[in-house]
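Please walk me through this structure step by step, beginning with a single residue and widening the view from there.

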Amino acid sequence: MAFTLWTLFEASLLCLNAICVLHEERFLAKVGWGVNQVHGFGEQPTVKSQVLNLIRSIRTVMRIPLIFLNILTIIFKLILG
Amino acid sequence: MNFNASDARQPPRKMKHGPQHQPTPLPQQMPQPYYGAGYGNPNASFNPNNYMGYPQVPQDGGVYGAQPNLPYQPMPQPQGFPSMPGIPDQVTAAAFQYGFNALGQSSQAVGREFEKYVPVSRLKYYFAVDTGYVVKKLRLLTFPFWHSDWSIKYESESQPVQPRYEINAPDLYIPLMAYVTYVVAAGLVLGTQDRFTPEMLGIQASSSLAFILFELAVIFVAMYITSIKSNLKLLDMLSYCGYQFIGAISALMAGLLFKSIGYYVVLTYFSFALGFFLMRSLKWQLQSDSAANQQDPYAASTSGTKRRFNLLILMMVLQTFTMWRLSAHLIAP
């Protein structure tokens, strides 16, 4: 399996899609990864809070661009197989 | 030619071409361009007299008039412009001047926008190397165990001294050359096994680029997650990740000469050498968090040390893995 720029792009697109479909209330809160459950103005943010911050910011920022990227990729794959 | 409206105030200049014409009002209405930190301005002397384009004193008394409100060198005389039929020379010259102005301003605006995403002006720093630096750095990369002084001299707050004066500073010349050499060496090795096609060169190039991008993404995400703040920017990380191509090239060459066993020996040696190099170079460049920074930038808190250590281990493992993946499929079975 070749590790090219195109496969890297596809893999990252799939990963970002996966992060974006995680639902806040239905899933993350149940697991204990909800946004409200990790607060604190502690001196050093823990790894878990950073990861959750990252997930939340990816979901906020990448929602709209991901729509376009997905459409582009689908068209591309339809045409070129 | 001086297009300022203050022409009337000044004594007429010696011009080789026709009478003095009406100056166009256009150049004064253009806003003063803002210069980013990286751009040099050839007319950088901020003379308040010249701010609105009304020079009190002629800059030079020659044929090439000074144009203080334009952001670049004065344009040559109109006799260099092509003469169009039916249009007087001065109008042509004015039109050309306006075109050049607009082009200059728009290209500057584009440059500024581009600068926000790819720090082009910082690139010059990374290519300020000379032969002595390259030789010493290569020696350092292949045998870092005897080097004792790993500190970097800084010339301003965040900018280290240029690489040609400081051997421990990162540069981008070696990684770039190593990348190209790696692609060529891959072609060579494939050729000796009769597996070479021209498409393979492109595939190798894009594949190794993808590896580098992936490594950079993993490192930056890891730095964010463990909240390790450092002065290292994208280009610094790119240079530290690019040094592994040297290991890949040497392993390839050893594999060419000594078959499989030579390849694996050189690969493990370079993994250790590069790991040691990274450990020593990056140990003091990764701070742990802002609280520690405020109290004492040189002390490391205990949890911060562990995280830094883990991050360095992660980098070493990543680079070893990448070096192996870059070259393993090229070796003859």
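Does D236(B) count as buried or exposed, and why? In this predicted model, D236(B) counts as buried because its relative accessibility is 8%, which falls under the 20% cut-off that the term requires. The residue lies in helix α7 of chain B, and its side chain is joined to that of Y126(B) by a polar contact of 2.6 Å. Once neighbours within four places in sequence are set aside, the residues in contact with D236(B) are Y126(B), P170(B) and N231(B).

The helix around this residue gives the setting. Helix α7(B) is mostly covered, with 7 of its 9 residues buried, and the buried ones are L235(B), D236(B), M237(B), S239(B), Y240(B), C241(B) and G242(B).

From this helix the view can widen to the nonpolar interior. The largest nonpolar core has 56 residues, and those with the most contacts inside it are Y182(B), Y243(B) and F277(B). Several helices of chain B each supply at least two residues of this core, namely α4 (131–142), α5 (173–192), α6 (198–225), α7 (234–242), α8 (244–282) and α10 (302–327), and the largest share, 15 residues, comes from α8(B). For F277(B), leaving aside neighbours within four places in sequence, the residues in contact are K137(B), L140(B), L141(B), P144(B), W150(B), Y240(B) and Y243(B); among these is Y240(B), which is also one of the buried residues of α7(B). Apart from the largest core lies another core, of 5 residues, among them Y125(B), A169(B), L172(B) and L235(B), and L235(B) is likewise one of the buried residues of α7(B).

Chain A can be taken next. It has 3 helices and 0 strands, so that reading along its sequence gives the pattern α-α-α. Of the 81 residues in chain A, buried residues make up 21%, and among its contacts between residues at least 6 apart in sequence, 68% join residues at least 24 apart.

What remains is the place where the two chains meet, with 12 residues of chain A in contact with 15 residues of chain B. The area buried between chain A and chain B is about 1,300 Å², and carbon and sulfur atoms give 64% of that area. Two elements of chain A, α1 (5–20) and α3 (47–80), give two or more residues to the side that touches chain B, and α3(A) provides the largest share of that side, 5 residues. By residue type, the side of chain A that touches chain B divides into 7 nonpolar, 5 polar and no charged. Across this interface the rule finds 0 salt bridges, and the count of residue pairs in polar contact, both at pLDDT 80 or more, is 1.

One residue of chain B shows the meeting of the chains in detail. S206(B) has its place in helix α6 of chain B, and not counting residues up to four places away in sequence, it touches T4(A), L5(A) and Y179(B). Because its relative accessibility is 22%, S206(B) counts as partly exposed. The C-alpha atoms of S206(B) and V183(B), which are 23 residues apart along the chain, are separated by 9.7 Å.

Methods:
Residues numbered from 1 in each chain as written. Chains lettered and ligands numbered in written order. Predicted model: local features only at pLDDT ≥ 70, side-chain atom pairs only at ≥ 80, totals over all residues. Heavy atoms only, no water. Contact = heavy atoms within 4.5 Å. Buried area = accessible area lost by both parts, 1.4 Å probe. Salt bridge = Lys/Arg side-chain N within 4 Å of Asp/Glu carboxyl O. Polar contact = N/O pair within 3.5 Å; in protein donor to acceptor, adjacent residues only side chain to side chain. Helix = DSSP H or I, 4+ residues; strand = E, 2+ residues; numbered from the N terminus. Nonpolar A, V, L, I, M, F, W, Y, C, P; charged D, E, K, R; others polar. Core = buried A, V, L, I, M, F, W, Y, C linked by side-chain atoms within 4.5 Å. Buried < 20%, exposed > 50% of the residue type's maximum accessible area, 1.4 Å probe, protein only.
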